[in-house]
Amino acid sequence: MISRLSLENLSVRRGGRLLFEGLALSLAAGEACALTGRNGAGKTSLLRTIAGLVTTEAGTITFGDADADAARATGLHLIGHLDGLKPGRTAREELDFWSRWTGGTEASTRQATQRLELSTLLDLEVRRLSAGQRRRLALARLIAAPRRLWLLDEPLSPLDGVWRERFGAVMAEHLATGGLIVAAVHDPLPIPAKALEIGA
Amino acid sequence: MSRAGALLAREVALAWGKGGGPLVALGFYAGTATLLPLATGPEPARLAAIATGMAWVALALAALLSLERLFERDYEDGALDLIVLSPQPLELTCAIKCLGQWIATGAPLALAAPVAAIALGAKPQLAPLILSCALIGGLAFAFTGGIGAALSLGARRGGLLTAVIVLPLFVPPVIFGGAALDAFANGLPWHAGLALLSAYAAAAVALGPLAMAAACRNALS
């Protein structure tokens, strides 16, 4: 169980270029962090580094008392701007697969469908969905399989005003139950969050 | 359904899905098998002598065709990130992807192999052995092919690169399978070829996923 996320003196190099160095962040259960920075500053790379997909140049990432490998395998969700959805498959097939893959149950998948109002979209092919609908389908994974740490890459950008507000409520609920959120954003998050600017 | 089962169902569905999959591979196989005799001349005696060999090489080439998308489609749309972030070892995940590839395209191609060989003039008694060789060889093609597909992740024209990486790995199964078929057709002992082919397939199934997982991690980082 992830109770805390700490980044200490973190440096990441991508393609021979040092993206950032000496980055520090400490997030306790129930806290969120809004990650800002110019395009290309390394927000996505930082999220993928926390997820363990990108190797660090220097510094440490710890998840409280939890073992890092176990925490990454079962304790975090990564919702990137690439959403991993296959255009030729139906929304239902994709949601069911990702729910099973991340350890969700049928009941939790149903709950996710209701919460993000996907029931009318489930029989459509993913290619027929709008950008906002696709994002809601991707975000449904967060509810379909409860995990403590959410790493969100521009979660709000394709959503309309109504859904930004509703997803704000989903995030607030997650924090209230002891979750942690790190979100890369350009617009302010609709929840109270620590600010971390990369490349300032 | 378990995590592994869900992944296998997804992989088979994706390989079968739009954009051809097995139908394209079968069409390519039929095309190659028709093209080869046009170059060698139409005499039945000569054709019959090389029919099984041609069917076997065409099968290897057709297996190559559908490999390109095995990892690439998940890499391009970000699904590979999410597939890696799982309690299921990446090696097992890679093995399941290759198994899905074999079920969706290897098995249909294996069913077509005896038909193609007999159409080219091979003796009908060869059909069961051709089918066995194609099924076992298909497993070797899928699991060695996966290595090439994973290694060429992120490269432009990844399909061609995959072919260049994988063709040398296809040499042993082509030799072993061809030897078994040739020996059977000439009434010689053929078990050794089939045993070597099976051994190669077993080694590919055991070792291929290790290489694929390492290549995937490297492509993502």
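Start by selecting A:Lys86, B:Arg10, B:Glu11, B:Arg73, B:Asp74, B:Asp77 and B:Lys97, which are linked in a network of salt bridges, a salt bridge being a side-chain nitrogen of Lys or Arg within 4 Å of a carboxyl oxygen of Asp or Glu. This is a predicted model, in which local features need pLDDT of at least 70 and side-chain atom pairs count only at pLDDT 80 or more, while totals for chains, interfaces and linings use all residues. Residues are numbered from 1 along each chain as its sequence is written, chains are lettered from A and ligands numbered from 1 in the order in which they are written, and side-chain values use heavy atoms, with hydrogens and water left out.

Within that network, zoom in on A:Lys86 and B:Asp74, whose closest N and O atoms are 2.7 Å apart in a salt bridge. A:Lys86 lies in the loop between strand S5 (76-79) and helix H3 (91-101) of chain A and B:Asp74 in helix H4 (residues 69-76) of chain B, so the pair joins two chains; helices (H or I, at least four residues) and strands (E, at least two) are DSSP runs, numbered from the N terminus. Both A:Lys86 and B:Asp74 are buried, where buried means under 20% relative accessible area, exposed over 50%, and partly exposed in between (1.4 Å probe, protein chains only).

Next, select B:Arg10, a network member that is placed in helix H1 (residues 3-16) of chain B and is buried, with a relative accessible area of 1%. Leaving aside neighbours within four places in sequence, B:Arg10 is in contact (heavy atoms within 4.5 Å) with residues that include A:Lys86, A:Arg89, A:Glu94, A:Phe97 and A:Trp98 of chain A, as well as B:Asp74 and B:Lys97 of chain B. The C-alpha atoms of B:Arg10 and B:Lys97 are separated by 9.1 Å, although the two residues are 87 residues apart along the chain.

Two of those contacts, A:Phe97 and A:Trp98, lead on to the aromatic groups. Ring pairs link A:Phe97, A:Trp98 and A:Trp101 into a cluster, given that rings of Phe, Tyr and Trp (its six-membered ring) pair if their centres lie within 6.5 Å, with planes under 30 degrees apart counted as stacked, over 60 as edge-to-face and the rest as tilted. Add A:Arg141, which lies over the face of A:Trp98 at 5.3 Å from the ring centre; for a charge to sit over a ring, NZ of Lys or CZ of Arg is within 6 Å of the ring centre and within 35 degrees of the ring normal. Elsewhere in chain A, the charged end of A:Arg166 sits over the ring of A:Trp163, 4.7 Å from its centre.

How many aromatic pairs does a search of the whole structure find? The search finds five over all chains. The rings of B:Trp56 and B:Phe141 have their centres 6.0 Å apart and their planes at 45°, so this pair is tilted. B:Trp56 belongs to helix H3 (residues 44-65) of chain B and B:Phe141 to helix H7 (residues 127-151) of chain B, so the pair ties together parts that are 85 residues apart in sequence. B:Trp56 is buried at a relative accessible area of 3%, and B:Phe141 is buried at 2%. Then select B:Phe184 and B:Trp190, an edge-to-face pair with 5.6 Å centre to centre and 75° between the planes, in which B:Phe184 is partly exposed at 28% relative accessibility and B:Trp190 is partly exposed at 22%.

From there, move to helix H9 (residues 191-220) of chain B, whose 30 residues reach 43 Å from first C-alpha to last, close to the 44 Å expected at 1.5 Å a residue, the expected span being 1.5 Å times one less than the number of residues. Which residue marks the bend of H9(B)? H9(B) bends by about 35° at B:Leu207, with a proline, B:Pro209, following within four residues; the bend is the angle between axes fitted to the seven residues ending at a residue and the seven starting there.

Finish with two backbone positions in chain A. A:Asn9, in strand S1 (residues 4-14) of chain A, has a phi near 50°, a positive value in a residue other than glycine, and is exposed at 51% relative accessible area. A:Glu154 also has a phi near 50°, and is found in the loop between strand S6 (149-153) and helix H6 (161-176) of chain A, where A:Glu154 counts as buried at 18% relative accessibility.
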